[in-house]
Amino acid sequence: MAKGFFVTGTDTGVGKTVITAALIKAVRLLGFRACGMKPVETGCKRVQSSEFGVTHKFINNDTSKLSICHAGLDPASSSSLDSRFRGNDNEYEFIDKPFDKRTELLPADGMFLREMADMDDSIDLITSIRFENPLAPLSASEIEGVSVDFSKIQKAYADLSKNYNAVIVEGIGGLLVPIKKDYFVLDLARDFGLPVIVVSRPGLGTLNHTMLTVNYAIREGLHVAGIIINHSRPPEDTIAEDTNPGIIRQISPIPIIGIFPYLEDLQSSTIEKAAAKNLNIEIIKKYL
Ligand SMILES: Nc1ncnc2c1ncn2[C@@H]1O[C@H](COP(=O)(O)OP(=O)(O)OP(=O)(O)O)[C@@H](O)[C@H]1O
Ligand SMILES: [Mg+2]
């Protein structure tokens, strides 16, 4: 299997996608073929399939019900199926409704990572599981009546591992975000078997959130490689922002890999330059 990192955060919106892109750049600068992966993404925009990819017709076992699903996705997991959740992971009752529009779910994070890593792989490999509702995967899964098929994630990871020697995986929200009733982002990180990087905010409140995430991950047996403090907004130059990195260094059992600045634009070259300048390459190199 390829090496790489599993990127989690103290919360949603802390900058995991931007930092995953920065890590892809850093690993590539070290001479490795690195790719990105965001295996589960929620809040995906529904678009006409013509804007996105090819669709194929699929006839269910019950041939009276015609469904349309995306190439490579089985109908039970296709996001374009109108289905009703029954409460059982594998059983869905499909509402017999004709489809007049072929639509697909566009994963913004997955697409961004694909661009940042210069990948030409199918988005189905990068983001195998997509939901429309901007919710935790468990919540979106219940509302949309689609269960998370882990075999797809495993297969996508195996395929990417064959073509790349480092896979940088972005998690979903924080470590205790539920994917299934008894399976959390923490479990996904464990199943990937990759060292974890924690993205945290710079301002007030981050000491508690960072330490909760780092210490819980360690207690649960994950290997945490380091913390990246990310400025997802222009610096406010508060006393908390100024003092937090020093305090984290004192109280955290793991190192800070970098303090990533707020970037005026998120172009590939801007992220690459910022990664080269602000991430500790020596720590990253140790894991490759
Ligand atoms: N270093 C940065 N410079 C400029 N903008 C940033 C930076 N980091 C994050 N942002 C912006 O902050 C917002 C949140 O960042 P991002 O999408 O990376 O968070 P996330 O943790 O991946 O969120 P999610 O949990 O939804 O996946 C985005 O609008 C992003 O463009
Ligand atoms: Mg993201």
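## Strand pairing and the sheet

Two strands count as paired here if DSSP finds at least two bridges between them. In this predicted model, strand S15 (residues 224-230) and S16 clear that bar with four bridges, in the parallel sense. One of the matched pairs is Ile227 with Ile256, the latter sitting in S16. On to S14 and S15: these pair over five bridges, again in the parallel sense, and Ser200 stands opposite Ile229 of S15.

Zoom out and you get an open sheet of six strands, with parallel pairing and the order S2-S11-S1-S14-S15-S16. The edges belong to strand S2 (34-37) and strand S16 (256-260); each has a single partner strand, so one side of each has no neighbour in the sheet. From one strand to the next, the twist averages 20°. As for S15, seven of its seven residues are buried, so call that strand mostly covered, where buried means 20 or more other C-beta atoms within 10 Å of a residue's own.

## Helices on the sheet

Helix H8 (residues 239-251) packs on the sheet and touches S15 and S16. Its direction makes about 170° with that of S16.

Then there's helix H6 (residues 185-192), which lies across three strands: S1 (3-9), S11 (166-170) and S14 (196-200). Against S1, H6 runs at about 170°.

## The nonpolar core

The largest nonpolar core takes in 72 residues. Which of them have the most contacts inside it? That would be Ala22, Leu23, Val167, Ile168 and Ile197. Helix H1 (residues 16-29) supplies the largest share of this core, eight residues.

Ile168 is a handy one to click on if you want to see who touches whom. Leaving out residues up to four places away in sequence, Ile168 touches Gly4, Phe5 and Val7, then Thr20, Leu23, Ile24 and Val27, and finally Ala34 and Gly36.

## Around ligand 1

Helix H1 turns up again at the ligand: with three residues, H1 gives the most to the shell around ligand 1. That shell holds 17 residues, and the ones that come nearest are Thr12, Gly15, Lys16, Thr17 and Ser232.

What does the shell look like by class? Around ligand 1 you'll find nine polar, six nonpolar and two charged residues.

Conventions
Residues are numbered from 1 along each chain as its sequence is written. Chains are lettered from A and ligands numbered from 1 in the order in which they are written. This is a predicted model: local features need pLDDT of at least 70, side-chain atom pairs count only at pLDDT 80 or more; totals for chains, interfaces and linings use all residues. A nonpolar core is a set of buried Ala, Val, Leu, Ile, Met, Phe, Trp, Tyr and Cys residues joined through C-beta atoms within 7 Å. A residue is buried if 20 or more other C-beta atoms lie within 10 Å of its own, exposed if 12 or fewer, and partly exposed in between; C-beta atoms are placed from the backbone. Helices (H or I, at least four residues) and strands (E, at least two) are DSSP runs, numbered from the N terminus. Two residues are in contact if their C-beta atoms, placed from the backbone, lie within 7 Å. A residue is near a molecule or strand if its C-beta atom, placed from the backbone, lies within 6 Å of it. Ala, Val, Leu, Ile, Met, Phe, Trp, Tyr, Cys and Pro count as nonpolar, Asp, Glu, Lys and Arg as charged, and the others, Gly among them, as polar. Axes are lines fitted to C-alpha atoms, for helices over the stretch in contact, and angles run from 0 to 180 degrees between N-to-C directions.
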